[in-house]
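Student: I should like to learn how a sheet and its charged side-chain pairs are read from a model. Could we work through one case together?

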Amino acid sequence: MAFRVGGKNASSGMGVAEHSISTYQELQRKKVHRYVIFKIDEIKKEVVIEKTGGPAESYDDFTASLPENDCRYAVYDFDFVTSENCQKSKIFFIAWSPSVARIRSKMLYATSKDRFRRELEGIHYEIQATDPTEMDLEVLRERAN
């Protein structure tokens with residue numbers, strides 16, 4: 001069965017809010033946001049936006065916005081300078097699943113991740129993190145270079 005934006009998917013029963021896709025596209029194409037944090041609305045059964053961060057916000061602002069004890073999906077637009085002194089940007093998809101999160105939450109996010117991730121075209125790298133060290137800024141730097 002095809003996965004429709006705004007619709008429900010057969011395996012996890014999870015849809016994606018139209019606004020989630022359009023906000024991601026604003027980050028990707030227009031650089032309106034530095035990051036977008038998504039959560040699963042268990043009542044609506046869809047992935048919705050929890051928070052966006054403006055272009056001037058730092059990576060620390062982003063990581064501080066993730067809950068310590070619950071799962072989230074996030075997209076972060078990482079700017080860096082290459083060894084050839086070129087300004088570059090890579091988009092990271094981060095599946096945040098802290099070890100202290102509820103088992104039900106971890107299962108829900110794990111089973112919905114791949115289908116949601118496929119809706120976001122143009123992601124360069126994906127990181128799965130269960131604690132902050134697994135998504136440290138150095139980890140992004142290493143992956144991007």
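Tutor: We shall take the sheet, then the helix across it, then the salt bridges.
The model is predicted.

Student: In what order do the strands of the sheet stand?

Tutor: Strands of a sheet pair through backbone hydrogen bonds, either parallel or antiparallel. Here six strands form an open sheet with mixed pairing, and the order is β1-β3-β2-β4-β5-β6.

Student: Which strands stand at the edges?

Tutor: The edges are taken by β1 (15–16) and β6 (125–129). Each has a single partner strand, so one side of each is left without a neighbour in the sheet.

Student: How many bridges join strand β2 to strand β3, and which residue is the partner of Tyr-35?

Tutor: Strands β2 (residues 35–41) and β3 (residues 46–53) run antiparallel and are joined by seven bridges. Tyr-35 has Gly-53 in β3 as its bridge partner.

Student: Where does helix α3 lie?

Tutor: Helix α3 (residues 103–119) lies across β1, β2, β3, β4 (72–81), β5 (87–96) and β6. With respect to β4, helix α3 runs at about 50°.

Student: How many salt bridges does the structure hold?

Tutor: Side chains of opposite charge can pair when their charged atoms come close. The structure holds ten salt bridges. One of them pairs Arg-72 with Glu-50, whose closest N and O atoms are 2.9 Å apart. This pair links distant parts of the chain, with Arg-72 in strand β4 and Glu-50 in strand β3, 22 residues apart.

Student: Why does Arg-72 count as buried?

Tutor: Buried means under 20% relative accessible area. Arg-72 has 8% relative accessibility and therefore counts as buried, whereas Glu-50, at 32%, counts as partly exposed.

Student: Which side chain meets that of Glu-126 in a salt bridge?

Tutor: The side chain of Lys-113 does, at 2.6 Å from N to O. This pair also links distant parts of the chain: Glu-126 belongs to strand β6 and Lys-113 to helix α3, 13 residues apart. Glu-126 is partly exposed at 23% relative accessible area, while Lys-113 is buried at 9%. Both residues take part in a network of salt bridges with Asp-114 and Arg-117.

Student: Where do Glu-138 and Arg-141 lie?

Tutor: Both lie in helix α4 (residues 137–144), three residues apart, which is about one turn of the helix. They form a salt bridge whose closest N and O atoms are 2.5 Å apart. Glu-138 is partly exposed at 40% relative accessibility, and Arg-141 is partly exposed at 36%.

Notes:
Residues are numbered from 1 along each chain as its sequence is written. This is a predicted model: local features need pLDDT of at least 70, side-chain atom pairs count only at pLDDT 80 or more; totals for chains, interfaces and linings use all residues. Side-chain values use heavy atoms; hydrogens and water are left out. Two strands pair if DSSP finds at least two bridges between them. Helices (H or I, at least four residues) and strands (E, at least two) are DSSP runs, numbered from the N terminus. Contact means heavy atoms within 4.5 Å. Axes are lines fitted to C-alpha atoms, for helices over the stretch in contact, and angles run from 0 to 180 degrees between N-to-C directions. A salt bridge is a side-chain nitrogen of Lys or Arg within 4 Å of a carboxyl oxygen of Asp or Glu. Buried means under 20% relative accessible area, exposed over 50%, partly exposed in between (1.4 Å probe, protein chains only).
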